[in-house]
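Thanks for asking me to look this one over. Here are my notes, point by point, for you to read alongside the model.

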Amino acid sequence: MSSTPLQDGAATGFRRMWRDLEVLGRDDDSGGYHRFAWTRTDSELREWFEGECAERGLDVTTDRVGNQWAWWGDPDAAVAAGDPGVVIGSHLDSVPDGGAFDGPLGVVGAFSALDQLRENGFQPSRPVGIVNFVDEEGSRFGVACAGSRVLTGALSPDRARSLTDRDGLSMAEALRRAGRDPRHLGRDEDTLGRIGTFVELHIEQGLHLVDLGRAVGVGSDIWPHGRWRFDVPGEANHAGTTRLADREDAMLGLAAAVIAARRSAESHGCVATVGKVNVVPGGVNAIASCATGWLDARGAEADSVLRVVAEVRDVIHEFDGLMTQESWTPTTDFDPALARRIATRLGGAPVIGTGAGHDAGILANDGVRTAMLFVRNPTGVSHSPDEWAAVDDCLAGVAALADVVSDLAGGGE
Ligand code: GLV
Ligand code: MN
Ligand code: MN
């Protein structure tokens with residue numbers, strides 16, 4: 001069976017929400033988004049979420065770290081009955097100059113799926129929740145999926161509070177400035193207990209669905225991946241008067257590390273990226289006294305990824321530098337029985353893996369029954385203003401999500 005197409009109201013609502021949201025945090029020159037945790041733009045996004053909930057008569061609660069939740073039905077009564085609810089949603093933050101779809105598609109899609117279910121007269125026998133996870137990209141404080149990691153305890157409250165942004169402002173202080181109490185951070189059993197099943201709708205960040213000629217797919221697994229910071233020391237000096245032989249140039253270690261990452265990734269069948277650097281003092285005519293880079297490494301096999309990291313670390317050590325791990329997410333396998341059930345429900349949708357990280361992966365690794373739905377991305381481009389999906393494919397993804405929720409919240413197992 002394939003999904004019932006979206007009702008007019010749900011489709012119109014999708015387009016309206018998309019228009020309302022697309023102006024928030026957009027750089028009008030590049031067309032990309034700058035939506036970072038606990039900034040003014042983030043609070044506008046959170047207000048947008050609250051407004052959409054209010055339109056649907058849903059109350060919003062925030063958990064200990066600040067993820068936003070809204071429930072159709074009583075999640076605590078369902079917990080008491082031993083049959084917790086079905087949660088859908090994603091995140092609204094972005095990478096620097098990110099695309100419009102990574103995250104928002106899953107949140108807008110969740111509201112539209114709920115609209116579709118209501119238009120169809122669906123009466124859930126389990127409550128249906130909508131979530132907006134905070135700080136999924138880790139663009140400001142460096143650790144991706146910070147909202148779901150704090151929720152599950154994968155990121156300790158002390159470490160989270162002490163993470164700093166580019167200006168040296170701690171997450172604790174950013175939370176205080178946003179009106180939240182950082183002492184509340186920590187694993188949140190009450191919130192986790194309400195999630196019987198989580199389903200995240202997301203744009204595909206690759207080309208599997210294009211190759212397969214399908215608009216919607218189901219997630220099977222996420223590659224193991226992590227982030228490492230490395231600092232290479234140097235000595236500041238004059239660019240014109242310091243002989244090459246006398247230089248301690250931190251940039252050389254940084255450059256060697258970037259090349260090593262590429263070569264090691266190639267030789268171990270992985271991918272590795274240094275997409276962010278910080279050079280001190282940062283003057284065109286000054287030799288660098290310190291160069292910091294962030295390595296993102298991923299691959300199908302955890303051992304291979306860790307071999308890449310070890311080889312890059314060896315190079316950094318040759319330049320007297322230091323490398324520290326900022327995060328590590330092991331292989332994530334989404335519940336295979338659930339993935340099969342969804343794929344069958346969606347008329348034989350393809351089941352595909354991904355190298356991108358998601359809050360769904362953090363929840364799955366914490367033991368939550370979790371699934372992902374992906375929407376075709378014609379170019380595969382993501383984390384860029386060029387990220388795009390056709391509206392018909394997005395609506396097909398929403399229809400699939402509504403169908404999956406009607407199955408999971410509708411009385412069966
Ligand atoms: C998040 O999108 C990630 O894969 O880093
Ligand atoms: Mn992303
Ligand atoms: Mn995402």
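1. A word on terms before the metal sites: donors here are N, O and S atoms within 2.8 Å of the metal, and water is not among the atoms, so a site may look incomplete. Please also keep in mind that this is a predicted model.

2. Let's begin with the manganese ion (ligand 3). Along the chain, its donors follow the spacing H-x10-D-x99-H. The protein donors behind that pattern are H91 (NE2), D102 (OD) and H202 (NE2), and they lie 2.0 to 2.2 Å from the ion. Within this set, H91 sits in strand β3 (residues 85-91), while D102 belongs to the loop between β3 and α4 (104-119); the two are 11 residues apart, and the pair links distant parts of the chain. Both H91 and D102 are buried.

3. Next comes the manganese ion (ligand 2). Its protein donors are D102 (OD), E137 (OE), listed twice, and H383 (NE2), at 2.0 to 2.7 Å from the ion. Their spacing along the chain reads D-x34-E-x245-H. D102 is in the loop between β3 and α4, and E137 is in the loop between β4 (128-133) and α5 (146-152), so this pair ties together parts that are 35 residues apart in sequence.

4. How far apart are the manganese ion (ligand 2) and the manganese ion (ligand 3), and which residue coordinates both? The separation is 3.8 Å, and D102 is the residue that coordinates both ions.

5. I also looked at how covered two of these donors are. D102 has a relative accessibility of 5%, so it counts as buried, the cut-off being under 20% relative accessible area. E137 is buried as well, with a relative accessible area of 8%.

6. Now to ligand 1, which you may want to view together with the metal site. The residues around ligand 1 are E137, R298, A356, G357 and H383. By class, this shell divides into one nonpolar, two polar and two charged residues.

7. Several polar atoms face the oxygen atoms of ligand 1. One pair places a ligand oxygen 2.7 Å from a polar backbone atom of G357. In the side chain of R298, an N or O atom is 2.8 Å from an oxygen of ligand 1. For E137, the corresponding side-chain distance is 3.2 Å. Taken alone, ligand 1 exposes 190 Å², and the protein buries 94% of that area.

8. One thread to follow on screen is E137: this residue is a donor of the manganese ion (ligand 2), and E137 is also among the residues around ligand 1. The name H383 appears in both places too, as a donor of that ion and in the shell of ligand 1.

Notes:
Residues numbered from 1 in each chain as written. Chains lettered and ligands numbered in written order. Predicted model: local features only at pLDDT ≥ 70, side-chain atom pairs only at ≥ 80, totals over all residues. Heavy atoms only, no water. Donors = N, O, S within 2.8 Å, 3.2 Å for Na, K, Ca; no water. Helix = DSSP H or I, 4+ residues; strand = E, 2+ residues; numbered from the N terminus. Buried < 20%, exposed > 50% of the residue type's maximum accessible area, 1.4 Å probe, protein only. Near = heavy atom within 4 Å. Polar contact = N/O pair within 3.5 Å; in protein donor to acceptor, adjacent residues only side chain to side chain. Areas by Shrake-Rupley, 256 points an atom, 1.4 Å probe, with all protein chains shown as cover. Nonpolar A, V, L, I, M, F, W, Y, C, P; charged D, E, K, R; others polar.
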